[in-house]
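Welcome! Take a moment to look over the sequence and the model, and then we will walk through them together.

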Amino acid sequence: MNKAEIYEFLTSRNKQKKKSRTPARLDAIQSATGAILALFIVFHLIFESSILLGKEAMYRLTKFFEADFIFEGGEPLIISALAFVVFVVFVLHALIAMRKFPASYREYRRYQTHRHLLVHNDTNLWFIQITTGFMMFFLGSIHLYTMMMQPSKIGPFASADRIFSDGMWPMYLMLLVSVVLHAGIGVYRLIIKWGVFDGVQPQQNRLLAKKIIKWLIVFYLALGAVSLVTYIKIGYEHQEHYGERYHKGVKE
Ligand code: HEM
């Protein structure tokens, strides 16, 4: 066989081989589940900051999510169901993402060498992404399990007691930092990957997207931190009455 024949033979064989679509499908599912979770967090941290408007505001919002306009006094099982659905999406997203983790110490060392050689910002972002993802896998699971199993223990005092007296605030602080960084960087990577805002000036638009995401990360970190401190303060003041619940308009 001469060179041309070998080339012809190899290319015809490659054409015959059917390419697997699984990696592309997995990538699309990972992007979709990530986008759903990021959207959830964007709203979650806003709703959760209702405590900044006072105990009554947070209480009313909690009861609204328990659909007290339909069920007398609210139905906490709705929260369990919602937490279960979020948990399924969360686990699916994590399972698919796991295939991109370094599989061995050797692979990890190779990545580190590349990282130092490249000094490329977006490669560093990937490292933050897998580190925060790993943290969230544990911290997010603890939180979602609590929400699924104790949905009735949500409210200005119940949440504050959990955060302060039950010593959950360090867990929430770590969860807050990891989830905000992970969601922010994740959304930025989605924008780059799918060329969402590329338009006619992709380079400039990407820089603009990066800037906006940076400010959103700062905003959500600050909002979450201030809300957490408010819960800690309420929990501290309420520790003598640990377990007592808040009722509409009345402080017990
Ligand atoms: C339907 C599912 C969820 C419900 C019902 C829920 C509810 C709550 C509630 C009531 C709090 C206040 C603290 C407490 O009562 O313990 C809280 C805090 C928090 N949640 Fe969730 N959550 C859900 C899912 C998630 C997920 C999936 C994440 C991220 C992986 C998350 C991240 C956080 C963070 C970071 C805080 C602390 C916020 C701060 O520092 O101000 N939550 N959540």
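Two residues are said to be in contact when they have heavy atoms within 4.5 Å of each other. With neighbours within four places in sequence left aside, L45 is in contact with L176, V180, Y220 and L223. Keep in mind that this is a predicted model.

Now for the overall picture. The protein has nine helices and zero strands. Of its 252 residues, 35% are buried. Among contacts between residues at least 6 apart in sequence, 78% join residues at least 24 apart. The surface that the protein exposes comes to about 16,400 Å², and carbon and sulfur atoms supply 68% of this area.

L45 also belongs to the largest nonpolar core, which has 39 residues. L45 is listed there among the residues with the most contacts inside the core, along with M171, Y172, L175, V180 and Y231. Helices that each supply at least two residues of this core include α2, α4, α6 and α9. The most comes from α8, with nine residues.

What else can be found in helix α8? H182 sits in this helix, which spans residues 169–193. Is H182 buried or exposed? H182 counts as buried because its relative accessible area is 15%, and buried means under 20%. Its side chain makes a polar contact with the side chain of T132 at 3.0 Å. Beyond its neighbours within four places in sequence, H182 is in contact with H93, Q129, T132, G133 and M136.

Here are some of the helices that supply the core:

| Helix | Residues |
|---|---|
| α2 | residues 22–48 |
| α4 | residues 77–97 |
| α6 | residues 121–149 |
| α9 | residues 202–238 |

Key. Residues are numbered from 1 along each chain as its sequence is written. This is a predicted model: local features need pLDDT of at least 70, side-chain atom pairs count only at pLDDT 80 or more; totals for chains, interfaces and linings use all residues. Side-chain values use heavy atoms; hydrogens and water are left out. Helices (H or I, at least four residues) and strands (E, at least two) are DSSP runs, numbered from the N terminus. Buried means under 20% relative accessible area, exposed over 50%, partly exposed in between (1.4 Å probe, protein chains only). Accessible areas come from the Shrake-Rupley method with a 1.4 Å probe; for residues, only the protein chains shown count as cover. A polar contact is a pair of N or O atoms within 3.5 Å; within protein, one must be able to donate a hydrogen and the other to accept it, and residues adjacent in sequence count only if both atoms are side-chain atoms. A nonpolar core is a set of buried Ala, Val, Leu, Ile, Met, Phe, Trp, Tyr and Cys residues joined through side-chain atoms within 4.5 Å.
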